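Dear colleague,

I am handing over the model below, and my notes on it follow directly after the structure. Could you look through them with the coordinates open beside you?

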Amino acid sequence: MSPTETSSSTKREIQVEIPAAEVARETETLIQKYQKLARIPGFRTGHAPASVIKQRFAEGIKSDVVDALVPRYFRKETDKLGLTPVSQPRVTDLHVHDGEPLRFKASFEVMPTIRVEDYKELRADKPDVSVTDEEVEQSLKNLQEQRATFTTIEGSPLGDGDFAQVSLDGKPKDAEGQAASSAKPGPAGSNPVHMDDILVEIGGQGTMPEFTENLRGASAGDERTFDVHYPQDFSDQRLAGKTFTYTVQVKAVKQKSLPELNDQFAKDLGEFADLAEVRKRIREGMEAEKKHTAEREAKDKLVAELVKRNDFEVPEALVEHQIDIRLDRGLRALAAQGMKTEDMKKMDLNRLRAGQRDQAVQEVKAALLLEKIAEEEKLEVSDAEIDREVEALAEQSKQTPEAIRSRLTRDGALDRIRNRIRNEKTLDFLYRQSA
C-alpha cells in the first residue's frame with residue numbers, strides 16, 4: 001500500500017495489514033513454545049493443553065505476536081514501496097483481535113532526495129603560506145628560551161627582568177570582597193589555589209601586573225599578600241572576572257641566562273650539523289603547518305558554501321544522532337580537563353542539546369552532500385586504505401590488527417571509518433578542482 005502523503009520530504013506514514021492466517025500461524029508457534037516452558041499447577045511441564053496456555057498467557061502471547069510480526073511486515077512493506085527508513089518506526093493504531101488481520105500505522109523518516117548543484121563551480125581561497133625570515137627567527141628564539149638556565153642571586157632584591165622562585169596560596173574572594181573559606185570546595189575557578197616552586201618574571205609580558213608591583217624589591221625569605229583581579233576576557237575562563245587573594249613566599253631570586261645561538265646550540269638540539277640546518281628545518285615545518293592550516297580552513301569554507309547552495313530537509317533522527325556525537329565529544333573534553341562526573345550531571349542537557357542543534361544540522365547536510373558527490377564522481381575507498389587505518393589504530397593501541405578489525409567489525413565502526421575516509425577523499429577532490 002502506498003505511504004500517506006505529507007508536506008515533509010523526509011517523513012512517511014504507512015498502513016500495514018498482516019493477513020489473519022499469518023497471525024494465526026505465529027500465534028500457534030508461540031503457544032507451542034509456551035507449552036514447552038510453562039509451569040502450570042496440575043500439569044507436567046510441557047503437557048498443558050494449548051487452550052489452557054492460550055487463556056493463561058493471552059496478553060503475553062499477543063505481545064509476542066506483535067513483537068515478531070510488526071518489524072517483519074514493516075520491513076516487507078517499506079521494501080515493496082522502495083523506502084529506506086533512517087529512524088525507528090513509531091507504531092500507532094494497533095489492531096489485534098483473534099481471527100482478524102493485524103493492522104497498524106507506522107511513522108518514520110527516510111532520506112531526502114538530494115541533487116547537488118554547482119559543486120564544480122566552488123572556488124577556494126589560496127592564501128600565502130610562505131614563511132618570513134622574522135617568523136623563523138622568532139621560532140628560533142622560542143627554542144633558545146626553552147633552553148634557558150636560571151642562576152640564584154644571593155643577597156639581591158627582585159628587580160625588573162629577575163625571576164622570583166615562589167610558593168603561593170590563593171583564595172577566591174566573594175562578591176562582598178571576603179576571602180572564601182578553603183573548607184568549602186566550589187566550581188572550577190572558585191577553589192583555593194596552591195603552587196610550589198614556580199617562576200615569576202618581574203615585569204614580564206605574561207606576568208599579571210599585581211605580581212610585578214608587589215614582588216618588586218622583595219628578597220628571598222620575604223612574604224607578600226595582595227589581591228589579583230582577573231579581567232573578564234582573561235584567557236583562562238575559570239579565572240575570568242574573579243578576584244583572588246594571594247599569599248606569596250619568595251624562595252629565591254634568580255637570573256635567566258640564554259644559550260648562545262651558534263652551531264653548538266644546533267648540535268645540542270639533536271641531529272643538526274649547524275644553525276643553518278636548524279633554520280631550514282624550522283622553515284620547512286612552519287610552511288607545512290601553514291599549508292595544512294590554510295587547506296583545512298579552505299575546505300571548511302568550501303563545505304559551508306556547498307551547504308548554503310544546496311538547501312534540503314534533513315531527517316530528525318540523523319540530527320539527533322549528530323547532537324549525541326557532539327555532546328559526547330564535548331563531555332569527554334571536559335572530563336579530560338578535569339571536570340568531575342558529579343558536576344557534569346548537574347549540567348542542563350536540554351539546553352546543551354538545543355545549543356548544538358544548528359551546527360549538527362549543518363554537519364548532517366555536509367555529510368549527505370559529500371556522500372552524493374562521491375557517488376557522482378565514483379570516489380571509493382579501497383580495502384588497502386581500510387587496512388592502513390586498522391594498522392595505524394593497532395599501532396596506537398598496542399594491539400594486533402586482527403584484534404582491532406574484529407572489534408571494529410563487531411561495533412559496526414568499519415563502515416564509519418570507510419565513510420570518513422570517503423568524505424575526506426571527496427573534500428580533497430573539491431579542494432583540488434576549486435583551484
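**Salt bridges and their surroundings**

Glu320 counts as partly exposed, at 29% relative accessibility (buried is under 20% relative accessible area, exposed over 50%, partly exposed in between; 1.4 Å probe, protein chains only). The model is a predicted one, in which local features need pLDDT of at least 70 and side-chain atom pairs pLDDT 80 or more, while totals for chains, interfaces and linings use all residues. Residues are numbered from 1 along each chain as its sequence is written, and side-chain values use heavy atoms, without hydrogens and water.

The partner of Glu320 is Arg357, whose side chain meets that of Glu320 in a salt bridge with an N to O distance of 3.8 Å (a side-chain nitrogen of Lys or Arg within 4 Å of a carboxyl oxygen of Asp or Glu). Because Arg357 belongs to helix H10 (residues 349-377) and Glu320 to helix H8 (residues 316-336), this pair ties together parts that are 37 residues apart in sequence (helices, H or I of at least four residues, and strands, E of at least two, are DSSP runs numbered from the N terminus). Arg357 is likewise partly exposed, at 31% relative accessibility. Both residues take part in a network of salt bridges that links Glu316, Glu320, Asp324, Arg353 and Arg357.

Under the salt-bridge rule, the count comes to 37. One of these joins the side chains of Glu26 and Arg72, at 3.6 Å from N to O. This pair links distant parts of the chain, with Glu26 in helix H1 (residues 20-37) and Arg72 in helix H3 (residues 58-81), 46 residues apart. Its two members sit in unlike surroundings, since Glu26 counts as buried at 13% relative accessibility, whereas Arg72 counts as partly exposed at 32%.

A local case is found in helix H7 (residues 275-309), where Glu305 and Arg309 lie four residues apart, about one turn of the helix, and where their side chains meet in a salt bridge at 3.0 Å, N to O. Glu305 is partly exposed, with a relative accessible area of 29%, and Arg309 is partly exposed as well, at 35%.

**Helix H3 and its neighbours**

Helix H3 has 24 residues and reaches 34 Å from its first C-alpha to its last, close to the 34 Å expected at 1.5 Å a residue (1.5 Å times one less than the number of residues). Its buried residues are Ile61, Val65, Val66, Leu69, Val70, Tyr73, Phe74, Glu77 and Thr78. Among the elements that cover them are strand E1 (11-18), H1, helix H2 (50-56), strand E2 (90-95) and strand E3 (102-109). Just after H3, Gly82 takes a positive phi of about 75°.

From the side of helix H1, Glu22 is another buried acidic residue, with a relative accessible area of 13%. Leaving aside neighbours within four places in sequence, Glu22 is in contact (heavy atoms within 4.5 Å) with Leu69, Arg72 and Tyr73.

**Nonpolar cores**

The largest nonpolar core (buried Ala, Val, Leu, Ile, Met, Phe, Trp, Tyr and Cys joined through side-chain atoms within 4.5 Å) has 30 residues, and those with the most contacts inside it are Val116, Tyr119, Leu306, Val314, Leu369, Ile373 and Leu430. At least two residues of this core come from each of H7, H8, H10 and helix H13 (413-433), and the largest share, ten residues, is that of H10. Not counting residues up to four places away in sequence, Tyr119 touches Leu306, Ile373, Glu376, Glu377, Phe429, Leu430 and Gln433. A second core, separate from this one, has 24 residues, including Leu30, Ile31, Val70 and Tyr73.

**Strand E5**

Strand E5 (residues 163-172) is mostly covered, in that eight of its ten residues are buried. E5 pairs (at least two DSSP bridges between the strands) in the antiparallel sense with strand E6 (residues 193-201) over seven bridges, and Leu168 stands opposite Met195 in E6. With strand E8 (residues 243-257), E5 again pairs in the antiparallel sense, over ten bridges, and Ala164 has Val253 in E8 as its bridge partner.

With best regards
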